Amino acid sequence: MNSRKMSSSAVLLGIIQIFLLLYLTHKVRTFTPRSKRFSVPKYSNLEGKTNGDNRDDIGSNMGEIISDSNNNNTISPGENSRKSSSSSLPTNTVMSAMTTPVASLNKKFPRNNGNNERQNDRKMDLMWCQSDRCQDSLRERVVGDHNTIVFNGPATGQVAYRWNKKAYPISKSSESKSHSSSSSKENTPNKTPPFATPVRSKIASVLLLVKRDDDDLLQIAAHKVPELTEVGIDVLMAPELAAKLKHYYGVDDERIHLFEPPKDTNIDDYKVRYVEDDEEEWVRDMNYGNTFPDLICTLGGDGLLLYASSLFQGPVPPLLAISGGSLGFLTAFSEHEMTNAIRVALGMTMPIAEDGEDDGDDDDENITTEVPFSSVEEEEQGALQVFPPNMPSYPYEPLVSEKAPRFTFGLDEHICMTIRMRLDCRIVNREGVVRGRYNVLNEVVIDRGGSPYLAALECFCDDVHLTTVQADGIIFATPSGSTAYSMSAGGSVVHPAVPCILVTPICPHVLSFRSMVFPDHVVLRCFVPDDARSFASVAFDGKHRSELQRGDSVQIQMSAYPFPTINKGDHSSDWLESLKSSFNFNTRPRQKPL
């Protein structure tokens with residue numbers, strides 16, 4: 001009797017499993033194995049929408065992205081539906097679309113006219129899948145009756161921004177008029193009291209960072225800050241810098257404010273964080289206050305840019321780098337261009353009173369004209385120097401015509417930027433607790449530290465075993481960091497617009513262990529095995545060095561918060577100019593002709 005009950009229940013259970021399997025096959029998409037990776041913010045939702053509808057929704061939250069592909073700036077068909085979102089970055093967008101060979105494909109693969117051939121009405125749905133979700137493909141699409149896959153356009157492009165409204169500097173006459181009008185109405189009820197703070201323009205705010213212990217740069221900052229505050233720009237600076245400018249140079253203004261950096265979440269010893277924690281909670285704990293600037297201006301060298309990246313572990317405003325260091329690989333602007341460059345970057349026009357203008361007491365606004373960006377170095381040296389110093393010109397016609405010049409700073413109100421990728425790095429122990437988390441701009445280095453033994457590491461890519469590292473260490477670098485430690489260790493030099501992660505070993509014991517390049521969507525993880533002879537050490541952009549005990553791991557992936565830097569020309573011309581001027585890249589005497 002019991003055996004019959006058991007057999008009937010087994011049959012009933014088998015039928016239920018078959019129906020459940022059929023239901024899941026019909027309703028659920030196929031995903032890759034789930035891993036302990038951080039999910040970047042979702043860009044689209046596949047539920048209840050067709051392929052075409054999702055393509056419009058993916059770009060709905062984007063600003064205006066300018067792409068320079070063969071100097072043909074094109075706008076995608078969905079431009080009108082892509083409005084700028086409520087983002088803290090001053091970007092409106094335009095997506096560039098590459099012309100797809102739809103007509104040629106239709107000629108090569110003609111449509112079926114219903115003859116003796118079998119009609120194929122099935123279509124492929126392309127998607128980009130990660131470990132926890134899938135979304136519509138952003139670059140590829142299917143055309144024709146034979147499901148031919150073509151590209152919508154390049155994977156990357158020149159990114160630029162422009163302001164949707166103009167900002168006019170405040171003149172001293174307008175301030176005096178506003179002050180006189182407020183003083184004449186001070187006895188009127190329900191008006192601003194005489195002891196209130198004067199009305200400010202609130203055009204924009206600039207965070208000024210100056211290299212420490214450099215008296216020459218401090219003097220330059222003392223001359224530039226009044227030029228910014230007198231046109232209505234609020235200047236944020238550290239308390240130490242503000243005190244030095246006030247004490248030594250007497251620089252003090254109501255538009256100078258003290259900057260309070262975001263909170264470092266790694267020093268919170270009372271909160272335990274795990275790998276699966278919500279990303280929004282991590283950013284919320286940083287406590288971004290009201291002093292979030294619209295622009296960062298650094299007056300120093302490349303190390304000051306790394307310091308700015310460490311200040312903003314979450315979202316980062318655009319950065320304008322002024323050269324004041326020893327190398328200046330990432331600093332394209334000179335100190336003479338500082339004031340005008342900040343104005344152009346903030347979308348401010350520079351008013352000039354026309355000849356014969358009557359400066360009466362009328363309330364008409366001053367007629368202003370836009371003054372283009374003026375570069376002292378460009379006036380002296382001409383355009384950007386993109387040739388080696390021993391090769392002034394090439395004996396061929398340029399591919400770019402004079403009617404379509406390359407991007408220059410502020411041309412047609414467009415400001416070109418390099419969206420520099422950062423790496424989200426986490427130190428995780430055996431229990432999955434995050435001991436430290438940092439967004440790095442250059443590289444994260446895992447080495448043997450002070451141990452006399454080789455570093456022993458087990459590395460994985462998307463939870464698939466990559467290699468066993470037995471070397472002095474290993475470098476995980478961004479494209480921006482490819483010209484730093486990774487290049488010295490034999491790694492490749494990568495254009496900053498290429499979305500990838502470089503893995504470069506440091507003095508490996510096996511010569512076949514060469515430098516590798518991985519796409520930006522992978523998750524890399526290295527841990528110290530239990531049979532390792534000693535501990536390891538990890539450093540993030542050369543700072544925050546920590547020991548890795550047996551069982552500890554470092555998880556590395558693309559950060560959701562890039563580091564945007566403003567270009568003087570475009571991202572290619574600035575990068576190539578820095579390679580040749582700073583590193584003398586591939587410079588040698590030219591061979592004489594035969």
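## A salt bridge within one helix

Glu240 and Lys244 both belong to helix α6, which spans residues 239-249, and they sit four residues apart, about one turn of the helix. In this predicted model, the two side chains form a salt bridge in which the closest N and O atoms are 3.6 Å apart. An α-helix has 3.6 residues a turn, so residues three or four places apart point the same way. Glu240 counts as partly exposed, with a relative accessibility of 45%, and Lys244 is also partly exposed, at 27%.

## Salt bridges across the chain

The structure holds 14 salt bridges, and some of them join parts of the chain that are distant in sequence. Lys568 and Glu337 meet through their side chains, with 3.1 Å from N to O. This pair is 231 residues apart: Lys568 lies in the loop between β23 (563-566) and α12 (571-582), while Glu337 lies in the loop between β10 (319-323) and α9. Are these two residues buried or exposed? Both Lys568 and Glu337 are buried.

A further salt bridge connects Arg448 with Asp472, whose closest N and O atoms are 3.7 Å apart. Here the partners are separated by 24 residues, with Arg448 in the loop between β14 (443-447) and β15, and Asp472 in strand β16 (residues 464-477). Arg448 is partly exposed at 27% relative accessibility, and Asp472 is partly exposed at 23%. Elsewhere, Lys271, Arg273, Glu281 and Asp285 are joined into one network by salt bridges that share partners.

## The chain as a whole

The chain contains 12 helices and 23 strands, and of its 594 residues, 40% are buried. When contacts with a separation of 6 or more are considered, 69% of them are between residues 24 or more positions apart. The chain exposes about 34700 Å², and carbon and sulfur atoms supply 52% of that area.

## Nonpolar cores and an enclosed helix

The largest nonpolar core has 40 residues, and those with the most contacts inside it are Leu208, Met237, Leu245, Ile342 and Ile566. Helix α5 (residues 215-229) gives the largest share of this core, namely seven residues. Leu245, if its neighbours within four places in sequence are left aside, is in contact with Leu218, Ala221, Ala222, Val225, Met237, Gly250 and Val251. Apart from this core lies another, of 30 residues, which includes Tyr438, Ile501, Ala536 and Val538.

Why is helix α9 (residues 338-345) described as largely enclosed by the rest of the structure? Seven of its eight residues are buried, so the helix is largely enclosed. These buried residues are Met338, Thr339, Ala341, Ile342, Arg343, Val344 and Ala345; one of them, Ile342, is also among the residues with the most contacts inside the largest core. After α9 comes Gly347, which has a positive phi, near 70°.

## Aromatic rings

The count of aromatic pairs comes to eight. In one of them, the rings of Phe460 and Phe527 have their centres 6.0 Å apart and their planes at 20°, so the pair is stacked. These rings link distant parts of the chain, since Phe460 is in strand β15 (residues 455-461) and Phe527 is in strand β19 (residues 524-527), 67 residues apart. Phe460 is buried, with a relative accessible area of 18%, whereas Phe527 counts as partly exposed at 23%. Phe259, Tyr288, Phe292 and Phe312 form one aromatic cluster.

## Surface and backbone details

Val11, Ile15 and Phe19 make a nonpolar surface patch of about 310 Å². Phe19 is found in helix α1 (residues 2-27), and with 58% relative accessibility it counts as exposed.

Which way does the phi of Asn287 go, positive or negative? Although Asn287 is not a glycine, its phi is positive, about 60°; it lies in the loop between α7 (279-285) and β9 (295-300) and counts as exposed, at 55% relative accessibility. His544, also a residue other than glycine, has a positive phi near 55°. His544 is placed in strand β21 (residues 543-548) and is partly exposed, with a relative accessible area of 37%.

Technical notes. Residues numbered from 1 in each chain as written. Predicted model: local features only at pLDDT ≥ 70, side-chain atom pairs only at ≥ 80, totals over all residues. Heavy atoms only, no water. Buried < 20%, exposed > 50% of the residue type's maximum accessible area, 1.4 Å probe, protein only. Helix = DSSP H or I, 4+ residues; strand = E, 2+ residues; numbered from the N terminus. Core = buried A, V, L, I, M, F, W, Y, C linked by side-chain atoms within 4.5 Å. Contact = heavy atoms within 4.5 Å. Patch = residues over 30% accessible without salt bridge, like charges linked within 9 Å, V, L, I, M, F, W, Y side chains within 5 Å. Areas by Shrake-Rupley, 256 points an atom, 1.4 Å probe, with all protein chains shown as cover. Salt bridge = Lys/Arg side-chain N within 4 Å of Asp/Glu carboxyl O. Phe/Tyr/Trp six-rings, centres within 6.5 Å; stacked < 30°, edge-to-face > 60°.
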